[in-house]
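Colleague: Could you walk me through this model, one question at a time? I'll ask about the parts that catch my eye.

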Amino acid sequence: MDKFTTLEGVAAPLKIINVDTDMIIPKQYLKTIKRTGLGKGLFSEQRYKDDGSENPDFVLNQPAYRNTKVLVAGDNFGCGSSREHAPWALLDFGIRCVISTSFGDIFYNNCFKNGILPIRVSQEDLDKLFDDAERGANATLTIDLPNQEIRGPDGGKVKFEIDPFRKHCLINGLDDIGLTMEKKASIDDYEDKLKRERAWA
(Lines give C-alpha, C1' and ligand atoms only; values in the text may rest on other atoms or scores of the structure.)
Protein backbone atom coordinates (compact mmCIF):
# COMPACT_ATOMS: atom_id res chain seq x y z
CA MET A 1 0.00 0.00 0.00
CA ASP A 2 1.33 3.45 -0.91
CA LYS A 3 2.22 5.73 1.99
CA PHE A 4 0.00 8.73 2.67
CA THR A 5 1.68 11.76 4.22
CA THR A 6 0.83 14.97 2.37
CA LEU A 7 -1.47 15.09 -0.64
CA GLU A 8 -1.91 18.16 -2.81
CA GLY A 9 -4.41 18.20 -5.63
CA VAL A 10 -7.61 19.47 -7.13
CA ALA A 11 -10.70 18.78 -5.05
CA ALA A 12 -14.00 17.99 -6.76
CA PRO A 13 -17.32 18.98 -5.16
CA LEU A 14 -19.96 16.23 -5.09
CA LYS A 15 -22.96 17.89 -3.42
CA ILE A 16 -25.04 14.74 -3.08
CA ILE A 17 -26.05 13.19 0.24
CA ASN A 18 -26.37 9.44 0.89
CA VAL A 19 -24.04 8.40 -1.95
CA ASP A 20 -24.14 4.62 -1.61
CA THR A 21 -21.57 2.09 -2.77
CA ASP A 22 -23.81 1.06 -5.69
CA MET A 23 -23.60 4.63 -7.00
CA ILE A 24 -19.83 4.67 -6.47
CA ILE A 25 -19.35 1.41 -8.41
CA PRO A 26 -22.44 -0.26 -9.93
CA LYS A 27 -22.98 -4.01 -9.63
CA GLN A 28 -21.90 -4.88 -13.19
CA TYR A 29 -18.30 -4.00 -12.25
CA LEU A 30 -18.16 -6.45 -9.33
CA LYS A 31 -17.18 -9.47 -11.42
CA THR A 32 -13.47 -8.89 -10.88
CA ILE A 33 -11.33 -9.35 -7.78
CA LYS A 34 -8.55 -7.19 -9.25
CA ARG A 35 -8.07 -3.76 -7.72
CA THR A 36 -7.11 -2.16 -11.02
CA GLY A 37 -9.25 -1.11 -13.96
CA LEU A 38 -12.26 -0.10 -11.86
CA GLY A 39 -11.71 3.64 -12.29
CA LYS A 40 -13.65 3.54 -15.55
CA GLY A 41 -16.70 2.32 -13.62
CA LEU A 42 -16.53 4.96 -10.89
CA PHE A 43 -19.91 6.75 -10.78
CA SER A 44 -20.56 5.27 -14.24
CA GLU A 45 -24.32 5.80 -14.11
CA GLN A 46 -23.73 9.51 -13.52
CA ARG A 47 -20.63 9.88 -15.73
CA TYR A 48 -22.06 8.27 -18.86
CA LYS A 49 -25.27 8.57 -20.85
CA ASP A 50 -27.23 5.54 -22.06
CA ASP A 51 -25.35 5.61 -25.38
CA GLY A 52 -21.99 5.42 -23.57
CA SER A 53 -21.00 9.04 -24.18
CA GLU A 54 -19.89 11.24 -21.32
CA ASN A 55 -22.39 13.31 -19.37
CA PRO A 56 -20.82 16.80 -19.48
CA ASP A 57 -22.84 17.90 -16.45
CA PHE A 58 -21.24 15.40 -14.05
CA VAL A 59 -18.44 16.97 -12.03
CA LEU A 60 -15.72 14.39 -12.78
CA ASN A 61 -16.24 14.88 -16.53
CA GLN A 62 -15.59 18.61 -16.34
CA PRO A 63 -12.06 19.54 -17.52
CA ALA A 64 -10.98 21.06 -14.21
CA TYR A 65 -11.83 17.90 -12.25
CA ARG A 66 -10.69 15.07 -14.54
CA ASN A 67 -7.53 14.55 -12.47
CA THR A 68 -9.02 15.21 -9.06
CA LYS A 69 -7.31 13.61 -6.05
CA VAL A 70 -9.74 14.77 -3.38
CA LEU A 71 -13.51 14.39 -3.26
CA VAL A 72 -15.58 16.76 -1.12
CA ALA A 73 -18.93 15.01 -0.68
CA GLY A 74 -22.29 15.30 1.04
CA ASP A 75 -23.35 13.60 4.27
CA ASN A 76 -23.36 9.80 4.70
CA PHE A 77 -20.94 9.03 1.87
CA GLY A 78 -20.34 5.33 1.16
CA CYS A 79 -23.51 4.02 2.79
CA GLY A 80 -25.18 0.84 1.56
CA SER A 81 -23.59 -2.51 0.78
CA SER A 82 -20.14 -3.53 1.95
CA ARG A 83 -18.49 -3.84 -1.49
CA GLU A 84 -14.75 -3.19 -1.23
CA HIS A 85 -14.78 -2.38 -4.95
CA ALA A 86 -15.96 1.13 -3.98
CA PRO A 87 -12.62 2.27 -2.51
CA TRP A 88 -10.81 0.29 -5.22
CA ALA A 89 -12.64 2.32 -7.90
CA LEU A 90 -11.89 5.64 -6.18
CA LEU A 91 -8.22 4.75 -5.85
CA ASP A 92 -7.94 3.53 -9.45
CA PHE A 93 -9.45 6.82 -10.62
CA GLY A 94 -6.79 8.68 -8.59
CA ILE A 95 -8.79 9.81 -5.56
CA ARG A 96 -6.81 9.35 -2.31
CA CYS A 97 -8.97 11.40 0.05
CA VAL A 98 -12.72 11.81 0.62
CA ILE A 99 -14.05 14.55 2.89
CA SER A 100 -17.59 14.49 4.31
CA THR A 101 -19.51 15.01 7.53
CA SER A 102 -20.11 11.24 7.88
CA PHE A 103 -19.47 7.92 6.16
CA GLY A 104 -20.96 4.46 5.98
CA ASP A 105 -19.06 2.44 8.60
CA ILE A 106 -17.89 -0.41 6.36
CA PHE A 107 -16.85 1.93 3.56
CA TYR A 108 -14.97 4.08 6.09
CA ASN A 109 -13.01 1.07 7.36
CA ASN A 110 -12.33 -0.21 3.83
CA CYS A 111 -10.83 3.15 2.85
CA PHE A 112 -8.10 2.86 5.47
CA LYS A 113 -7.32 -0.72 4.39
CA ASN A 114 -6.77 0.50 0.81
CA GLY A 115 -4.73 3.66 1.35
CA ILE A 116 -7.55 6.22 1.10
CA LEU A 117 -7.97 8.84 3.82
CA PRO A 118 -11.63 9.50 4.73
CA ILE A 119 -11.91 12.74 6.72
CA ARG A 120 -14.89 13.68 8.87
CA VAL A 121 -15.50 17.42 9.29
CA SER A 122 -18.30 19.59 10.65
CA GLN A 123 -21.01 20.87 8.31
CA GLU A 124 -19.59 24.39 8.67
CA ASP A 125 -16.12 23.22 7.59
CA LEU A 126 -17.61 21.13 4.77
CA ASP A 127 -19.41 24.21 3.43
CA LYS A 128 -16.09 26.09 3.36
CA LEU A 129 -14.42 23.18 1.55
CA PHE A 130 -17.28 23.05 -0.98
CA ASP A 131 -16.62 26.73 -1.68
CA ASP A 132 -12.94 25.95 -2.25
CA ALA A 133 -13.71 22.93 -4.44
CA GLU A 134 -16.07 24.91 -6.67
CA ARG A 135 -13.17 27.02 -7.97
CA GLY A 136 -12.42 24.53 -10.73
CA ALA A 137 -8.72 24.28 -11.64
CA ASN A 138 -7.91 26.59 -8.73
CA ALA A 139 -9.61 24.22 -6.27
CA THR A 140 -6.35 22.90 -4.87
CA LEU A 141 -6.40 21.48 -1.36
CA THR A 142 -3.43 20.22 0.65
CA ILE A 143 -4.15 17.29 2.95
CA ASP A 144 -1.48 17.17 5.65
CA LEU A 145 -1.96 13.91 7.54
CA PRO A 146 0.96 14.25 10.01
CA ASN A 147 -0.42 17.62 11.18
CA GLN A 148 -4.06 16.58 10.68
CA GLU A 149 -5.09 19.62 8.70
CA ILE A 150 -6.59 20.58 5.35
CA ARG A 151 -5.19 23.75 3.77
CA GLY A 152 -7.25 25.64 1.22
CA PRO A 153 -6.08 27.71 -1.77
CA ASP A 154 -6.35 30.95 0.24
CA GLY A 155 -4.37 29.61 3.20
CA GLY A 156 -7.38 28.71 5.34
CA LYS A 157 -7.02 25.63 7.55
CA VAL A 158 -9.40 22.95 8.74
CA LYS A 159 -8.21 20.60 11.47
CA PHE A 160 -9.45 17.00 11.60
CA GLU A 161 -9.34 14.07 13.99
CA ILE A 162 -8.14 10.57 13.14
CA ASP A 163 -7.52 7.40 15.13
CA PRO A 164 -3.76 7.29 15.94
CA PHE A 165 -3.39 3.66 14.85
CA ARG A 166 -5.05 4.30 11.48
CA LYS A 167 -2.89 7.39 11.03
CA HIS A 168 0.23 5.30 11.71
CA CYS A 169 -0.85 2.70 9.15
CA LEU A 170 -1.50 5.27 6.40
CA ILE A 171 1.71 7.22 6.98
CA ASN A 172 3.72 3.99 6.85
CA GLY A 173 1.75 2.34 4.04
CA LEU A 174 0.67 -0.61 6.18
CA ASP A 175 -2.35 -2.68 5.20
CA ASP A 176 -3.32 -5.87 7.07
CA ILE A 177 -0.58 -7.88 5.36
CA GLY A 178 1.99 -5.17 6.04
CA LEU A 179 1.05 -5.13 9.73
CA THR A 180 1.50 -8.90 9.88
CA MET A 181 4.88 -8.70 8.15
CA GLU A 182 6.08 -6.21 10.79
CA LYS A 183 5.95 -9.18 13.18
CA LYS A 184 7.82 -11.53 10.84
CA ALA A 185 10.79 -11.96 13.20
CA SER A 186 8.50 -12.98 16.08
CA ILE A 187 6.54 -15.33 13.82
CA ASP A 188 9.77 -16.97 12.60
CA ASP A 189 11.05 -17.35 16.18
CA TYR A 190 7.77 -18.98 17.23
CA GLU A 191 7.83 -21.40 14.30
CA ASP A 192 11.47 -22.33 15.02
CA LYS A 193 10.58 -22.93 18.67
CA LEU A 194 7.73 -25.24 17.65
CA LYS A 195 10.04 -27.21 15.39
CA ARG A 196 12.52 -27.72 18.25
CA GLU A 197 9.90 -28.60 20.87
CA ARG A 198 7.85 -30.82 18.58
CA ALA A 199 10.52 -32.45 16.48
CA TRP A 200 8.50 -35.67 16.59
CA ALA A 201 5.51 -34.06 14.87
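**Helix H5 and its surroundings**

Colleague: Which strands do the buried residues of H5 pack against?

Modeller: Quick caveat: this is a predicted model, in which local features need pLDDT of at least 70, side-chain atom pairs count only at pLDDT 80 or more, and totals for chains, interfaces and linings use all residues. Residues are numbered from 1 along each chain as its sequence is written, and side-chain values use heavy atoms, with hydrogens and water left out. Helices (H or I, at least four residues) and strands (E, at least two) are DSSP runs numbered from the N terminus; buried means under 20% relative accessible area, exposed over 50%, partly exposed in between (1.4 Å probe, protein chains only); and contact means heavy atoms within 4.5 Å. With that settled, the buried residues of H5 pack against E1 (6-14), E2 (70-73), E3 (97-100), E5 (140-144), E6 (149-151) and E7 (157-159).

Colleague: How do the buried residues of H5 sit around its axis: what arc do they fall within?

Modeller: The buried set is Asp-125, Leu-126, Leu-129, Phe-130, Asp-132 and Ala-133. They line one face of the helix, because seen down the axis (by the directions from the axis to the C-beta atoms) they fall within an arc of 160°. As a rule of thumb, an α-helix has 3.6 residues a turn, so residues three or four places apart point the same way. The arc asked for is 160°.

Colleague: An aspartate in that list? Is Asp-132 buried or exposed?

Modeller: Asp-132 belongs to H5, residues 123-133. Leaving out residues up to four places away in sequence, Asp-132 touches Ala-139, Leu-141, Gly-152 and Pro-153. Its relative accessibility is 13%, so Asp-132 counts as buried.

**Strand E5**

Colleague: Which residue of E5 is the bridge partner of Gly-9?

Modeller: Four of the five residues in E5 are buried. E5 pairs with E1 in the antiparallel sense over five bridges; two strands count as paired if DSSP finds at least two bridges between them. The partner of Gly-9 is Leu-141.

Colleague: And which residue in the turn between E5 and E6 has a positive phi?

Modeller: E5 and E6 run antiparallel and are joined by three bridges, with Ile-143 standing opposite Ile-150 in E6. The two strands form a hairpin with four residues between them. The turn residue with a positive phi, about 55°, is Gln-148.

**Around Val-19**

Colleague: What is the relative accessible area of Val-19?

Modeller: Val-19 lies in the loop between E1 and H1 (21-24). Neighbours within four places aside, its contacts are Leu-14, Ile-24, Phe-43, Asn-76, Phe-77, Gly-78 and Cys-79. Val-19 is buried, with a relative accessible area of 0%.

Colleague: How far apart in space are Val-19 and Phe-43?

Modeller: Phe-43 sits in the loop between H1 and H2 (44-47), and is buried with a relative accessible area of 1%. Phe-43 also has a positive phi of about 50° although it is not a glycine. In sequence, Val-19 and Phe-43 are 24 residues apart; C-alpha to C-alpha, the spacing is 9.9 Å.

Colleague: What about Asn-18: what is its relative accessible area?

Modeller: Asn-18 is found in the loop between E1 and H1. Its phi is positive, near 55°, in a residue other than glycine. Asn-18 is partly exposed, with a relative accessible area of 40%.

**The whole protein**

Colleague: Zooming out, what share of the protein's residues is buried?

Modeller: The protein has eight helices and seven strands, and its C-alpha trace spans about 70 × 40 × 25 Å along the principal axes. Of the 201 residues, the buried share is 44%.
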